[in-house]
Amino acid sequence: MDMGIAGRTALVCGASAGLGYACAEALVREGVHVTIVARTEGPLQEAAARLAALGAGRVEWVAADVTTSEGRERIFATPRAFDILVTNAGGPPPGDFRQWNEDDWQKALRGNMLTPIELIRRTVDGMMERGFGRIVNITSSAVKAPVDGLGLSNGARAGLTGFVAGLARSTVARGVTINNLLPGTFDTARLAGNFAAAAQREGKTPEEVRSSRVARHPAKRLGDPAELGAACVFLCSRHAGYINGQNLLLDGGSFPGVL
Ligand code: NAP
């Protein structure tokens, strides 16, 4: 299926590895010109080279921390008219809410709620003026089913979800959709870190945690980031103009509810 977005431009955040990279790769394969962002220059440059080697869309990179206003200024220092925005950054650390102070909460809210909102603010009006835009926020299955020990993520992402649900209704008539992808357990470095933290809490090895999680999972495997990239590219496609304000759960059927 032709996604109908060749030649469009995309800003993909948190994109040197993991889920963000998978979204960038899927977009480049469709001929989208992408600007990828991450904090660490070396891996980011390598990621950009891998994407450019696909020989499809043009690839640029900006080394920046998207959760800071300086980082966002660096991204937008070169004026670019983005048609597609994928918001993403690292998730907050796990822990017990009794150990978190207000600063910990402010950091989580900044990273996983206020940063995506700022990125949307910087791009959405231009998209509406041009009559086409796709905004995809990578959030978490925790929005639907809070994850034990990930309270900072559960709380901050719920705030983003509520805001976006309202905004999406005011942009779609001008061709701009806003949707969220809710990953369950995808095989990335971040997930390996979560397994290591759980191993410490549970007195197991990370490998034991990983195999017990996989054994309990209905799909008996972790998600492949490329599967999330494919969902992202469809939401960004010209075919998805009537999908708006949705929370798409990608968890292999782990969530036990019907809806
Ligand atoms: P990952 O493998 O650790 O990759 C994160 C990417 O984002 C890296 O490229 C990283 O590069 C970049 N990044 C992190 N913080 C950044 C920042 N402040 N500014 C710019 N770039 C930043 O993580 P992932 O598994 O893909 O997870 C992505 C998001 O999905 C996270 O918020 C995570 O909590 C959420 N999530 C993941 C899963 C899962 O199963 N993997 C499940 C639910 C939710 P630098 O470190 O160099 O900046």
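**Figure 1. Trp100 and its ring partner, Trp105****.** At 14% relative accessibility, Trp100 counts as buried (under 20% relative accessible area; exposed is over 50%, partly exposed in between; 1.4 Å probe, protein chains only). Trp105, at 29%, is partly exposed. This is a predicted model, in which local features need pLDDT of at least 70 and side-chain atom pairs count only at pLDDT 80 or more, while totals for chains, interfaces and linings use all residues. Residues are numbered from 1 along each chain as its sequence is written, and side-chain values use heavy atoms, with hydrogens and water left out.

A search of the whole structure gives two aromatic pairs (rings of Phe, Tyr and Trp, its six-membered ring, with centres within 6.5 Å; planes under 30 degrees apart are stacked, over 60 edge-to-face, the rest tilted). The distance of the centres and the angle of the planes describe such a pair. The rings of Trp100 and Trp105 have centres 5.8 Å apart and planes at 90 degrees, so they meet edge-to-face.

**Figure 2. The pair formed by Phe76 and Phe82****.** Here the ring centres lie 6.3 Å apart. The planes of Phe76 and Phe82 stand at 80 degrees, so this pair is edge-to-face. Phe76 is buried, with a relative accessible area of 15%. Phe82 is buried too, at 4%.

**Figure 3. The ligand and its shell****.** There are 29 residues around the ligand (a residue is near if one of its heavy atoms lies within 4 Å). Ser16, Thr40, Ala89, Phe186 and Thr188 come nearest. By class, the shell has twelve nonpolar, 13 polar and four charged residues. Ala, Val, Leu, Ile, Met, Phe, Trp, Tyr, Cys and Pro count as nonpolar; Asp, Glu, Lys and Arg count as charged; the others, Gly among them, count as polar.

**Figure 4. Polar atoms close to the ligand, at Leu19, Asp65 and Thr188****.** A polar contact is a pair of N or O atoms within 3.5 Å; within protein, one must be able to donate a hydrogen and the other to accept it, and residues adjacent in sequence count only if both atoms are side-chain atoms. A polar backbone atom of Leu19 is 2.7 Å from an oxygen atom of the ligand. An N or O atom in the side chain of Asp65 is 2.8 Å from a ligand nitrogen. A polar side-chain atom of Thr188 lies 2.4 Å from an oxygen atom of the ligand. Taken alone, the ligand exposes 890 Å², and the protein buries 89% of that (Shrake-Rupley method, 1.4 Å probe; for residues, only the protein chains shown count as cover). Two elements give two or more residues to the shell: α1 (18-29) and α6 (189-202). Helices (H or I, at least four residues) and strands (E, at least two) are DSSP runs, numbered from the N terminus. The largest share, three residues, comes from α6.

**Figure 5. Asn88 in its loop****.** Asn88 lies between β4 (84-87) and α4 (102-130). Asn88 is buried, at 15%. A polar atom of its side chain lies 3.0 Å from the backbone oxygen of Gly14. The side chain of Asn88 also reaches the backbone oxygen of Cys13, at 3.5 Å. Leaving aside neighbours within four places in sequence, Asn88 is in contact (heavy atoms within 4.5 Å) with Cys13, Gly14, Gly20, Val66 and Ile138.

**Figure 6. Thr139 in the loop between β5 and α5****.** Strand β5 spans 133-138 and helix α5 spans 151-171. Thr139 is buried, with a relative accessible area of 4%. Beyond its neighbours within four places in sequence, Thr139 is in contact with residues including Arg157, Asn180 and Pro183.
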